[in-house]
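Notebook open, model loaded. I want to go through the sheet and then see what packs around it.

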Amino acid sequence: MEFTAQQLSLYNGTDPSKPIYVAIKGRVFDVTAGKPFYGPGGAYAMFAGKDASRALAKMSKNEEDVTACLDGLSEKEIGVLKDWETKFEAKYPVVGRVVS
């Protein structure tokens, strides 16, 4: 399935009838199984319904970092993002891609 950023934002955990999605490098993962973390009030709720690539790479919860933009990241940060991607691949199903 393909999602625009606007469509992805509908899967942010606020509608209990919809799954919770988080994208990394454009790949959309169904993180509903991690609802205590990604659902409303969860430690990572700010990532729900968004591409959180930059924030994960920088280990940041700052709203301005919750974006797909990887410009200017260090090699170390790119490595951190790859580690997150590997964890997500092992734990959550991929349900689509974000298209611009």
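Started with the sheet. This is a predicted model, and I find an open sheet of 4 strands in the order β1-β4-β3-β2, with mixed pairing. β1 (2-3) and β2 (21-24) are the edge strands, each with a single partner, so one side of each has no neighbour in the sheet.

Checked β1 next. It runs parallel to β4 (residues 94-98), joined by 2 bridges. I see Phe-3 opposite Val-98 in β4.

Moved to the other edge. β2 and β3 run antiparallel, with 4 bridges between them, and Ile-24 stands opposite Arg-27 in β3. The two strands make a hairpin with 2 residues in between, and I noted a positive phi of about 50° for Lys-25 in the turn.

Is β2 covered on one face or both? Both: Tyr-21 and Ala-23 are buried on one side, Val-22 and Ile-24 on the other. That fits the general pattern, since side chains in a regular strand alternate between the two faces of the sheet.

Looked for what lies over this part. Helix α4 (residues 75-91) lies across β2 and β3 (27-30), at about 140° to β2.

Then the cores. The largest nonpolar one has 18 residues, and Val-22, Val-31, Tyr-38, Phe-47, Leu-56 and Phe-88 touch the most other members. β2, α3 (53-58) and α4 each give two or more residues to this core. A separate core of 6 residues includes Phe-3, Tyr-11, Tyr-21 and Ala-23.

Last lookup was Val-22. Leaving out residues up to four places away in sequence, I list among its contacts Val-28, Phe-29, Val-31, Tyr-38, Phe-47 and Phe-88, plus Arg-27 and Lys-50.

Terms used:
Residues numbered from 1 in each chain as written. Predicted model: local features only at pLDDT ≥ 70, side-chain atom pairs only at ≥ 80, totals over all residues. Heavy atoms only, no water. Pairing = 2+ DSSP bridges. Contact = heavy atoms within 4.5 Å. Axes fitted to C-alpha atoms, helices over the stretch in contact; angles between N-to-C directions. Core = buried A, V, L, I, M, F, W, Y, C linked by side-chain atoms within 4.5 Å. Buried < 20%, exposed > 50% of the residue type's maximum accessible area, 1.4 Å probe, protein only.
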